[in-house]
Amino acid sequence: MSTVLKPKPMMKARGARTEGPSAWMVVPALVFFVTFAVVPLLGVVFLSFTNWNGLGAITWAGLESWQTALTDSVTMNALVVTLKIMVFSLLVQVPISLLLGVFTAGGQRYRAVLAVLYFVPLLLSSAAVAIAFKALLDPNFGMGPGLGIPALAQNWLGNPDLVLFVVIFVIAWQFVPFHTLIYQGGVRQIPASFYEAAQIDGAGRMQQFFHITLPQLKYTIITSSTLMVLGSLAYFDLIFILTAGGPGYATRLLPLHMYLTGFRANDMGAASALGVILVVIGLGLALILQRLGGRNRSASQLEGA
Amino acid sequence: MTMRTRTSLISAASAITLALSLSACGSSGPSDPTANTESPSMWALTGSSEDIFRSSVERWNEENPDDSINQEFFANDAYKTKVRTAVGAGEGPTFIYGWGGGVLKSYVDAGHVSELDQFLADNPDVKDRYIPSVLENGVIDGKTYALPNNNMQPVVLYYNKELFEQIGAEPPETWEELMALVPQFNDAGIAPFALAGQSKWPNLMWLSYLVDRIGGPEVFQSILDGEEDAWSDPAVIEALTKIQELVDADGFVNGFSSIAADAGADSALLYTDRAAMMLHGGWVYQNLKNDAPEFVESDAVGFVPFPAVEGGEGDPENVVGNPANMWSLSTDATDEQRDAALNYLKDGLFSEEYTQAMIDSGAVPAVNGIEDQLAASEDKDFVEFVYGLAQDAPSFQLSWDQALSPAQGDAMLANLDQIFIGQITPEQFAENMNATLGE
């Protein structure tokens, strides 16, 4: 972006054409994006100013739904729960998947075998994961009594202080392999010459990790964190099946709150307002994370390699 | 706007679209490509009455090829969401399976279900076959919009006879006796009550019965009518207090709020001798027959009405539960679909085989004149108990979560969940729920 492209004379003669492939190539993607993302989004924005129970006539309600959605203590609670899940997911998943990614990037054969085994959760759908964990965590017929270990027979999904961490654990169990895969790829792209040079200069393993691996993984960390943060705004299926937002409102995060408001309580107006809030938060967070990438995104990290 | 912010905006937008689309899910598509789209469609529920619905329609389609019906089955929770969306979009099935109450009223208000009064006037036999108090459940503003299609499902107190023998106790007839049993069972290392707290709706059975016993059916009626501060009625507060006392006395099995009803983990506690009692709907007996036949055959399962509360105003003969499930006919159906559907309601529904199959499954159909068949049933004790309970009940209250509007029902279940786990006080419950009145 820093260099100004000089238009070819032939292009100049034809008019305001720019370098590169034709802009028409964006049309198929744009059509899909507009049909399935922008139009529904506008519909949701419209619905958020109306009253609709999903059956009868849609009536104009002005800011009523927004007022309900923003002043409702359940919404505030849902925001806090979403934030908690987001922060704890990051704190738990980033270090684990980073270390595992570095570990599995090693060329040794046993590491490759372990990596393959470790990626198995990626093959399971969220619904299957949730149903399996729900059965395992049953205090009477689950893994605690099954294995004869009373410490595992806790009120995992029914204790409001415990349940959030159980949810974060299950999310991590499902998604850490995915992020490990991203980091593995990132680590493998770091040129070996960096490490060789560092070794000649007398750098130890820890120094190599902190001064070469970590800085080189900067964009991998941003990509993976963006997926984690936006993913936690969209966590729905897993939590819906595992806890349905309970006990009480303890795990009712924003997307779940939106669904239950729309399809259980049949208040489409308030649910649409929540949907808009969700999109705004998501866009804001995605922008911030993209910004974190720094001003000089197009500069190569491999200069001198 | 600079190039960079535009790119990052687009990538941010595509990232969020991706993330959101990952969570979007749905299922669609025709179930039977060969089926005639002109014939009426029927959506029913999997579970206790599934076999009866299935064989009834199969028999009907064989005998009446001109009026054949397309049938599809759905799981309970998924169905409730799907059917509402479909009906709202004018794509609903000809036969809509329902519970009466608040949801039926919202269909009626939006003009999505047909009035059946003319049909009932033309076919008095149909009207006469039903128990009036159950038929009443399909009446909205004086007009009939739904006809019962299965069994009466009052909530009863199931108990494990062997465990009661073991500690030498009798099933409770009053709340005081019930509370006295709690320490006895706990001392013997047996959980007094099984409860699937994670599913939330089983909690409601306790509240509905206690409020009815303490204050009578009028208390819930004023809630239903949306009277101001109706949830602050002393009967509601006392019922919630009693529930928390029972929880604090370890009345419910350890970790009850982690137990889900859909997998039957609560009934399993009862038949594996880990819990002595369970308050649950009439359909549990049918499930027990499937899941634990030896438990039912050895006559180890007992059942009594919900205990009376000393000094309470409610009649101890009142019951709560689901009077029956119902068929409504969609107004989106074509005339041919509608005529075929009415023929089925007249001749197919509650035919002799239908009624008999239902009784054989351990259920009590919501129809008159079945005393002889019930007496001949292998589940005579249970079916006659349920029949008597429903027949003699001065009031048969529909489950509150169905009777109330969906918005109130949802808030009530979440708040009640918090009562059971001790997160809020009865007064806070009343305050939260009063705010939803009229929604």
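Is Phe350 of chain B buried or exposed? Keep that question in mind as you work through these exercises on a predicted model.

**Exercise 1. Decide how Phe350(B) is placed, and say what is unusual about its backbone.**

Solution.
- Step 1: Find the residue. Phe350(B) sits in the loop between helix H16 (335-348) and helix H17 (352-360) of chain B.
- Step 2: Count its surroundings. There are 23 other C-beta atoms within 10 Å of Phe350(B). A residue is buried if 20 or more lie within that distance, so Phe350(B) is buried.
- Step 3: Look at the backbone. The phi of Phe350(B) is positive, about 50°, although Phe350(B) is not a glycine. Most residues other than glycine have a negative phi.

**Exercise 2. Do the same for Asn266 of chain A, then look at Gly111 of chain B.**

Solution.
- Step 1: Asn266(A) belongs to the loop between helix H13 (254-264) and helix H14 (268-292) of chain A.
- Step 2: Its phi is near 55°, which is a positive value in a residue other than glycine.
- Step 3: With 25 other C-beta atoms within 10 Å, Asn266(A) counts as buried.
- Step 4: Now turn to chain B. Gly111(B), just after helix H4 (101-109), takes a positive phi of about 70°.
- Step 5: Helix H4(B) itself has these buried residues: Gly101(B), Gly102(B), Val103(B), Leu104(B), Ser106(B) and Tyr107(B).

**Exercise 3. Describe the surroundings of strand S13 (residues 326-329) of chain B.**

Solution.
- Step 1: Check each face. Met326(B) and Ser328(B) are on one side, Trp327(B) and Leu329(B) are on the other, and all are buried, which leaves both faces of S13(B) covered.
- Step 2: Find one partner. Strand S3 (residues 95-98) of chain B pairs with S13(B) in the antiparallel sense over four bridges. Within this pairing, Tyr97(B) has Trp327(B) as its bridge partner.
- Step 3: Find another partner. Strand S6 (residues 147-148) of chain B also pairs with S13(B) in the antiparallel sense, over two bridges. Here Pro148(B) stands opposite Met326(B).

**Exercise 4. Work out the strand order of the four-stranded open sheet in chain B that contains S8.**

Solution.
- Step 1: Read across the sheet. The order is S9-S10-S8-S11, and the pairing is mixed.
- Step 2: Pick out the edges. Strand S9 (191-194) and strand S11 (301-304) of chain B each pair on one side only.
- Step 3: Consider the angle between neighbours. Ignoring direction, neighbouring strands are turned by 25° against each other on average.
- Step 4: Zoom in on one pairing. S8 (residues 156-160) and S11 of chain B run antiparallel and are joined by four bridges. Tyr159(B) in this region stands opposite Gly302(B) in S11(B).

**Exercise 5. Which domains does the assignment give for chain B, and where does the largest nonpolar core lie?**

Solution.
- Step 1: List the domains. The assignment gives domain 1 (41-152 + 323-368) and domain 2 (154-321 + 398-434).
- Step 2: Note their spacing. Taken over C-alpha atoms, their centres are separated by 29 Å.
- Step 3: Look at where they touch. In chain B, 13 residues of domain 1 are in contact with 13 residues of domain 2. On the domain 1 side, five are nonpolar, eight are polar and none is charged.
- Step 4: Turn to the core. The largest nonpolar core has 178 residues, and Ile243(B) and Ala275(B) have the most contacts inside it. Helix H14 of chain A gives the largest share, nine residues. Both domains of chain B also give residues to this core, so it lies between them.
- Step 5: Follow one residue. Beyond its neighbours within four places in sequence, Ala275(B) has contacts that include Ile190(B), Phe193(B), Val253(B) and Leu270(B).

**Exercise 6. Describe how chain B meets chain A.**

Solution.
- Step 1: Meet chain A. Its secondary structure has 14 helices and two strands, and 34% of its 305 residues are buried.
- Step 2: Count the contact residues. 48 residues of chain B are in contact with 42 residues of chain A.
- Step 3: Identify contributors. On the chain B side, elements giving two or more residues include helix H1 (3-23), helix H3 (76-88) and helix H21 (406-420). The largest share, 14 residues, comes from H1(B).
- Step 4: Sort by class. This side of chain B has 24 nonpolar, 17 polar and seven charged residues.

Terms used:
Residues are numbered from 1 along each chain as its sequence is written. Chains are lettered from A and ligands numbered from 1 in the order in which they are written. This is a predicted model: local features need pLDDT of at least 70, side-chain atom pairs count only at pLDDT 80 or more; totals for chains, interfaces and linings use all residues. Two residues are in contact if their C-beta atoms, placed from the backbone, lie within 7 Å. Ala, Val, Leu, Ile, Met, Phe, Trp, Tyr, Cys and Pro count as nonpolar, Asp, Glu, Lys and Arg as charged, and the others, Gly among them, as polar. Two strands pair if DSSP finds at least two bridges between them. Axes are lines fitted to C-alpha atoms, for helices over the stretch in contact, and angles run from 0 to 180 degrees between N-to-C directions. Domain bounds come from an automatic or database domain assignment. A residue is buried if 20 or more other C-beta atoms lie within 10 Å of its own, exposed if 12 or fewer, and partly exposed in between; C-beta atoms are placed from the backbone. A nonpolar core is a set of buried Ala, Val, Leu, Ile, Met, Phe, Trp, Tyr and Cys residues joined through C-beta atoms within 7 Å.
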